[in-house]
Amino acid sequence: MNSRAPLSVGRVTFFGRHRGEVNCSAFSPDGQTLLTASEDGYLYGWETKSGQLLWRLGGHTGHQRSVETLIFSPDSRQLASGGWDKQVMLWEVQSGHKLRHLEGHHDSIQSSDFSPNANCLATGSWDSTVRIWDLRVGTPAVFHQELEGHSGNISCLCYSLSGLLGSGSWDKNIHIWKPNTSSLMVQLKGHVAWVNSIAFSPDEGQLASASYSGTIKVWDYNTGKCLETLKVRPVAAAPSEGSRKDFRTWSLVLCFWQGFLDVAHTCAFTRQGKLLVSGAAI
């Protein structure tokens, strides 16, 4: 096994005006803005380079204590948020003005993603459904499709570059949908606990998924076959007091590390698709 040099870390910027636990964050595609969402019911927009707070968005029904998901549109001009109030809010990034208020889910909203062309927004809820909202300019009313098939909370959503939609759930399964026809393309089964995060590889040949069981799986979603199950143990012994957060980088070509994670919270491919990064509490 090849040894890995530690990643170098430069200056760290802290963004700390939240009044509750931070549930999620997202960089704009152009890298100029950082979004954070908190249990205090607000969205925070930050200038990435300086750390300056640009705006704090609230008052949209308060998201009833907690904003659970947020996502930038591919052109960085809009953002969407969802939370415990069962509502989806669409905002203009530059001004912070609310553009649309989308209703239809019957329970809390936990996941969201824009389609690659920004015409549609997908949202996932504790009501076990995925809804796809038509955001095209000129649409008389916001129309939505409802995708059913999961038997648990929709914990994560991800569009591929070609427009396929992946959904992961507390039912331990992953569904790959063809949104244009509202049809289920394939169902991926194999996780033994709920799915926390999914990511398509840039070439769309694979899909990675992170589970509460502490495993990362890599799938050929065209065939439904699980190609690899990844587990990792830290090189140094974990501290005896408390828990620590850990990120691991996997080479999809050179090697796979073996071991155990406590909870695998997230996974993401690099832009070139050669590395897969996972984050966990160990």
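This passage describes the strands, sheets, cores and aromatic pairs of the structure shown above.

The model is a predicted one. Its secondary structure is simply told: the protein chain holds 23 strands and zero helices. Of the 282 residues in the chain, 49% count as buried. Contacts that reach along the sequence deserve a look as well: among those between residues at least 6 apart, 44% join residues at least 24 apart.

A good place to begin is the run of strands β2, β3 and β4. Strand β2 (33–38) is joined to β3 by five bridges, and the two run antiparallel. Within this pairing, Thr-36 stands opposite Tyr-44 of β3. The hairpin of β2 and β3 has four residues between the strands, and Gly-41 takes a positive phi near 90° there. Strand β3, covering residues 43–47, is mostly covered, with four of its five residues buried. On to β4 (53–57), which is joined to β3 by four bridges, again in an antiparallel run. Here Tyr-44 stands opposite Arg-56 in β4. The hairpin of β3 and β4 has five residues between its strands, and a glycine with positive phi appears in this hairpin too: Gly-51, near 80°.

Aromatic side chains add detail to this region. The structure holds five aromatic pairs. In one of them, the rings of Tyr-44 and Trp-46 have their planes at 15° and their centres 6.0 Å apart, so the pair is stacked. Both partners lie under the 20% limit for burial: Tyr-44 counts as buried because its relative accessibility is 1%, and Trp-46 counts as buried because its value is 2%. Arg-56, the residue opposite Tyr-44, lies over the face of Tyr-42, at 3.8 Å from the ring centre.

The largest nonpolar core draws on these strands and on others. It has 14 residues, of which Leu-35, Ala-37, Leu-43, Trp-55, Leu-70, Leu-79 and Trp-91 touch the most other members. Two or more residues come from each of β1 (22–27), β2, β4, β5 (67–72) and β7 (87–92). Strand β5 gives the most, with three residues. Around Leu-35, the contacts beyond four places in sequence are with Cys-24, Ser-25, Ala-26, Tyr-44, Gly-45, Trp-55, Leu-70, Phe-72 and Leu-79. A second, separate core has 13 residues, including Ile-174, Ile-176, Val-186 and Val-195. As general background, nonpolar side chains tend to be buried together in soluble globular proteins.

Two open sheets of four strands can be followed along the chain. One has the order β5-β6-β7-β8, with antiparallel pairing. Its edge strands are β5 and β8 (98–103), each of which pairs on one side only. From one strand to the next, the twist averages 20°. Inside this sheet, β6 (residues 78–83) and β7 pair in the antiparallel sense over five bridges, with Ala-80 standing opposite Leu-90 in β7.

The other sheet is ordered β9-β10-β11-β12, and its pairing is antiparallel. Strands β9 (109–114) and β12 (144–147) form the edges, each pairing on one side only. The twist here averages 20° from one strand to the next. Strand β10 (residues 120–125) is joined by five bridges to β11 (residues 130–134), and the two run antiparallel. Ala-122 has Ile-132 in β11 as its bridge partner.

The loop between β10 and β11 brings the account back to aromatic rings. Trp-126 sits in that loop, whereas Trp-170 sits in the loop between β14 (165–169) and β15 (174–178); their pair links distant parts of the chain, 44 residues apart. The ring centres of Trp-126 and Trp-170 are 5.2 Å apart and the planes are at 55°, so the pair is tilted. Each partner falls between the 20% and 50% limits that set partly exposed residues apart: Trp-126 is partly exposed because its relative accessible area is 41%, and Trp-170 is partly exposed because its area is 33%. Ring pairs also bring in further residues, linking Trp-126, Trp-170, Trp-194 and Tyr-212 into a cluster.

Technical notes:
Residues numbered from 1 in each chain as written. Predicted model: local features only at pLDDT ≥ 70, side-chain atom pairs only at ≥ 80, totals over all residues. Heavy atoms only, no water. Core = buried A, V, L, I, M, F, W, Y, C linked by side-chain atoms within 4.5 Å. Buried < 20%, exposed > 50% of the residue type's maximum accessible area, 1.4 Å probe, protein only. Contact = heavy atoms within 4.5 Å. Pairing = 2+ DSSP bridges. Axes fitted to C-alpha atoms, helices over the stretch in contact; angles between N-to-C directions. Phe/Tyr/Trp six-rings, centres within 6.5 Å; stacked < 30°, edge-to-face > 60°. Lys NZ or Arg CZ within 6 Å of the ring centre and 35° of its normal.
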